[in-house]
Amino acid sequence: MAKAPVLTPQADDFPRWYQDLITKAELADNGPVRGTMVIRPYGYGLWERMQAEMDARIKETGTQNAYFPLLIPESYLTREADHVEGFAPELAVVTHGGGKELEEPAVVRPTSEMIINASFAKWVQSYRDLPLLINQWANVVRWELRPRLFLRTSEFLWQEGHTAHATYEEARDFASHIHRQVYEDFMRNVLAMDVVPGRKTVRERFAGAINTLTLEGMMGDGKALQMATSHELGQNFAKAFNTRYLSKDGRQELVWQTSWGSTTRMIGALVMMHGDDSGLRVPPRLAQIQAVVLAIKGDEAVLAKVRELGDRLKAAGVRVHVDDRTDIPFGRRAVDWELKGVPVRIEVGPRDLENGTAMLARRIPGGKEPVSLDALVSLLPEVLEEDQALLLRQSRERRTSRTAEVSTFDEAVEAATSGGWARVPWAALGEEGEAKLADHAVTVRCLVAEDGSVPEADDAPGNVAVVARAY
């Protein structure tokens with residue numbers, strides 16, 4: 001009888017495969033309140049690596065980290081009409097505290113434009129206070145009716161940046177810089193994801209923004225996932241909170257603002273873009289464990305060698321874990337590390353020691369080969385970079401092979417409902433066609449210029465709509 005697979009095959013049931021992998025790779029569990037999640041240590045380790053990489057890039061822009069309250073007075077949220085309308089269905093509202101009804105209900109933050117603008121209005125007095133560049137790492141709550149771990153949960157973790165500038169041009173350029181030099185750079189060069197940078201349509205942009213820039217990734221089943229967004233807020237929130245500064249000319253002027261964010265949704269993207277029927281495949285630059293050294297048997301010489309290898313690899317800058325749990329069967333441990341997507345396994349047993357070799361198993365391309373123990377440490381960094389590049393190349397090849405160039409609404413729907421994306425001239429689709437896409441559970445993910453760059457306007461000549469089904 002054939003052995004049952006560890007995971008439901010992707011081709012049989014992609015959503016079930018995703019859920020199986022999240023559980024068996026020990027990334028997360030469902031929380032006790034519907035729509036919440038418990039992020040397990042291995043999953044949280046991925047988030048910590050994402051945080052570290054993102055935080056460094058954010059700080060390179062001159063942005064500083066701060067923290068703002070979880071609870072927001074309900075009256076704050078009503079100050080910007082589009083904003084409150086956009087978030088109203090998702091709000092969680094606190095009405096009682098300390099055994100008493102609150103004089104004013106408090107909203108659990110769905111995003112922090114309002115509470116942060118209340119501070120900005122106090123902090124900004126003069127042009128000398130600008131630009132004001134603030135980021136926070138926090139949790140937010142958006143009540144989710146159809147939860148799915150990492151992709152849509154009622155509470156999730158994120159970073160949210162908020163900035164105030166003296167001019168429209170400065171704010172526009174900063175939002176673009178975050179979009180490309182922080183988010184896109186991180187996703188391509190660390191997550192190995194071939195994302196598409198673009199501009200959201202009016203229908204899809206952030207509530208209260210005048211422009212939203214997005215990065216869209218194609219998952220293994222051909223659906224799109226919005227990875228991160230950067231918003232130009234114009235002066236909408238400045239007007240709501242009267243956030244003004246004294247200009248060099250001695251005039252009181254409203255500031256121009258941006259906000260931008262990325263979330264633990266990126267862990268879900270990591271699973272769906274790079275995972276296979278054997279489990280995760282974690283990009284080496286992201287992996288909290290780049291290499292695991294496994295003792296096949298509890299032989300003293302073997303145990304000594306795997307610990308020595310671990311020390312040598314660590315000294316060479318490799319993030320390494322030594323698995324010397326020989327009371328657990330080797331096969332079970334190997335499958336577990338494969339599920340978790342550790343890029344490289346180095347397997348050592350008594351016969352390997354006799355031959356002066358170790359078995360090198362590469363998770364990303366697959367396959368095993370014996371490698372000289374003496375050459376292993378110098379070889380590994382090259383192997384890890386090769387595998388990082390392979391993941392990005394595979395991501396790009398999937399997107400390009402499954403994206404159709406079409407010219408009509410019907411062709412766009414056909415491509416998007418057949419497990420792929422479509423690129424259709426925006427002039428041939430327009431807002432009327434975009435509204436009709438909803439009948440087929442399809443959306444315009446973003447607008448791009450003909451050459452793939454980000455257009456400067458919604459109606460720029462030659463704009464192309466990227467159309468897909470999405471998570």
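## Two valines face to face

Let's start with one pair of residues: Val-93 sits opposite Val-107, a residue of strand 6. Keep in mind as you look around that this is a predicted model.

Strand 6 covers residues 100-108, and strand 5 is its antiparallel partner, with five bridges between the two.

## The three-stranded sheet

Zooming out a little, there's an open sheet made of three strands, and its order is 4-6-5 with antiparallel pairing. Which strands are the edge strands? They're strand 4, at 71-73, and strand 5, at 92-97, and each of them pairs on one side only. The sheet isn't flat-on from strand to strand either: on average, neighbours are turned by 45° against each other, direction ignored.

## A nonpolar patch on the surface

Next, have a look at the surface. Val-33, Trp-143 and Leu-145 make up a nonpolar patch there, and together they have about 320 Å² of accessible area.

Where does Leu-145 lie? You'll find Leu-145 in the loop that runs between strand 7 (132-141) and strand 8 (155-165). Is Leu-145 buried or exposed? Its relative accessible area is 61%, so Leu-145 counts as exposed, the cut-off being over 50%.

## A parallel pair and its crossover

Further along the chain, the pairing is parallel: strand 15 (residues 291-295) and strand 16 (residues 320-323) are joined over four bridges. Here Val-292 has His-321 of strand 16 standing opposite.

How does the chain get from strand 15 to strand 16? It crosses through helix 9, residues 300-315, in a right-handed β-α-β crossover.

Definitions and conventions:
Residues are numbered from 1 along each chain as its sequence is written. This is a predicted model: local features need pLDDT of at least 70, side-chain atom pairs count only at pLDDT 80 or more; totals for chains, interfaces and linings use all residues. Side-chain values use heavy atoms; hydrogens and water are left out. Two strands pair if DSSP finds at least two bridges between them. Axes are lines fitted to C-alpha atoms, for helices over the stretch in contact, and angles run from 0 to 180 degrees between N-to-C directions. Patches are made of residues with over 30% relative accessible area and no salt bridge: like charges are joined within 9 Å, nonpolar side chains (Val, Leu, Ile, Met, Phe, Trp, Tyr) within 5 Å. Accessible areas come from the Shrake-Rupley method with a 1.4 Å probe; for residues, only the protein chains shown count as cover. A salt bridge is a side-chain nitrogen of Lys or Arg within 4 Å of a carboxyl oxygen of Asp or Glu. Buried means under 20% relative accessible area, exposed over 50%, partly exposed in between (1.4 Å probe, protein chains only). A crossover is right-handed if, with the strands pointing away from the viewer, the path from the first strand over the helix to the second runs clockwise.
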